[in-house]
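Me: I'd like to learn how to read a few features off a model. Can we go through them one at a time?

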Amino acid sequence: MVGIFEKDIPSLVLRDPDLIKDVLIKDFSAFSDRPVFSNDKIEPLTQHLFRLKSAKWRPLRVKLSPVFTSGKLKNMFHLLLECSEHFEKYLESVARKGEPIDSRDLTARFTTDVIGSCAFGLNIKAMDDEKNEFRRMGQKIFRNGLKTYFRDRVRETPWLYRIIGRLFAEKDLEKFFITTTMDMINYRKENNIRRHDFIDILVDLKDLERLENFEITDSLLTAQAFVFFAAGFETSSSTISNAMYELALNQTVQDKLRQEIKEVLESTGGEITYDCLKEMKWLDAVIRETLRKYPPVMYLIRGSLTDYTFNGTNVTIPKNMKVYIPIYGIQNHPDIFPNPEIFDPNRFTEEAAKTRHPMFFLPFGDGPRNCIGARFAYNQTKVGVIKVIQNYKVDVCEKTPAPPYPLNMQDFIMLQPACGIYVKLIPISTC
């Protein structure tokens, strides 16, 4: 562990896996808060699961978790497959041009369609419509610029935020998501429609009106749909894009993956099924190695709810101290993953994984406050990669950035490239 200062505020960084396990799992009750910004009055869309204090987070998590059970994910799988079929057709159209393809844009269109279908019950058609509103809003959420920079700095100064915070609120973003979410909820209620998706859960929550000691407002419900959309489309699209980049650089890994996909799908008559994803061990290893090298979130943060003494040490931290877990640093550390710059899915065979402490691989966090949609993200990512690799050889081109590609350092929590991730798609039939 090491102490750091954020301005004049002391914080702690952990790298010992047993101490990390204590914070995330064993002593979770002492670290159930994420000390990150949330203001339901000025920026109502910030009151979502990722940012909420534990008093609101706990009951909401209990209510939202059922939509991410294996049974519910299996029920939603056909929606994911429908979007993947549209993705397959879009791949044909872009590959036909024979030009370098920005994999980030390509995969974001796919995941936007998936999240739109599964979270909002809408056929968004982001792959066909260049001016698609969901696509535009998705780009705006993760846009970095001077406004974003100053907004984040102002958020860190409460008295200043109370005065000028409204100047940085994204009103068009709020209006779009609140209108879209509430229109869908009201339509479902009026027409008694059940689709076994995320909106169904929000309909049930709206009927409650109150949850424990707080009111279920339209903005609170919208914030949950908003974060499902934002996190679901960005993290999965960046993972698929990074996987395509590494597979282009590592043709032997790609050939082995294509062979596995072919063999497994032969047993299902060419159909991707919920269960057949579990049989693709090499695909799973490829995705995990991608998440190891490029974790979507670069660090975890927890806040101590009480004075706390770390097990086996004489170190005691006071209540309200921030504790950081540097995911990117741990997963790219040579003492933990030798030659971390090398893309090697063999690190994630069952045998190899057993030799490492589980806290050394945390792309979705761990413990009660891990990413609620992790399993959904794995499914979405795997289906997207399958659709690319089974039909195309992904190769480097003149616009492919040399590794390691530059990162956008304006955003220190989300791993975002500072360049386009260009590759070339060559139909297998012509190889």
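What follows is a short walk through helix packing, a pocket and some backbone angles.

Reply: First, the ground rules: this is a predicted model, where local features need pLDDT of at least 70, side-chain atom pairs count only at pLDDT 80 or more, and totals for chains, interfaces and linings use all residues. Residues are numbered from 1 along each chain as its sequence is written, and side-chain values use heavy atoms, with hydrogens and water left out.

Me: At what angle do helix 9 and helix 10 pack?

Reply: Axes are lines fitted to C-alpha atoms, for helices over the stretch in contact, and angles run from 0 to 180 degrees between N-to-C directions. Helices here are DSSP runs (H or I, at least four residues; strands are E, at least two), numbered from the N terminus. Helix 9 (198-208) and helix 10 (218-249) pack at about 165°, axes 10 Å apart. So the two are roughly antiparallel (over 145 degrees; under 35 is roughly parallel, 65 to 115 roughly perpendicular, the rest oblique).

Me: Which residues of helix 9 and helix 10 meet?

Reply: Contact means heavy atoms within 4.5 Å. Phe198, Leu202, Leu205 and Lys206 of helix 9 meet a set in helix 10 that includes Leu221 and Phe228.

Me: And how do helix 5 and helix 10 cross?

Reply: Their axes cross at roughly 80° and come within 10 Å, which means helix 5 is roughly perpendicular to helix 10. Phe134 and Ile141 are among the helix 5 residues in this contact, and Phe229 and Phe233 among those of helix 10.

Me: How much space lies in the second largest pocket?

Reply: A pocket is an open set of points on a 1 Å grid over the protein atoms alone, where a 1.4 Å probe fits, with protein on both sides within 12 Å along at least five of seven lines; lining residues have an atom within 4 Å of a point. This one holds about 810 Å³. Of its 30 lining residues, Asp284, Arg288, Phe361, Tyr378 and Lys382 are closest to the centre. Helix 13 (281-293) and helix 16 (374-389) are among the helices that each supply at least two lining residues.

Me: What about backbone oddities?

Reply: Most residues other than glycine have a negative phi, and most peptide bonds are trans. Lysine 7 has a positive phi, near 55°, and sits in the loop between strand 1 (2-6) and strand 2 (9-13). A cis peptide bond joins proline 403 and proline 404, with omega about -5°. Proline 404 lies in the loop between strand 10 (392-395) and strand 11 (422-427).

Terms used:
Grid points are joined across faces, edges and corners, and a volume is the space filled by probe spheres set on the points.
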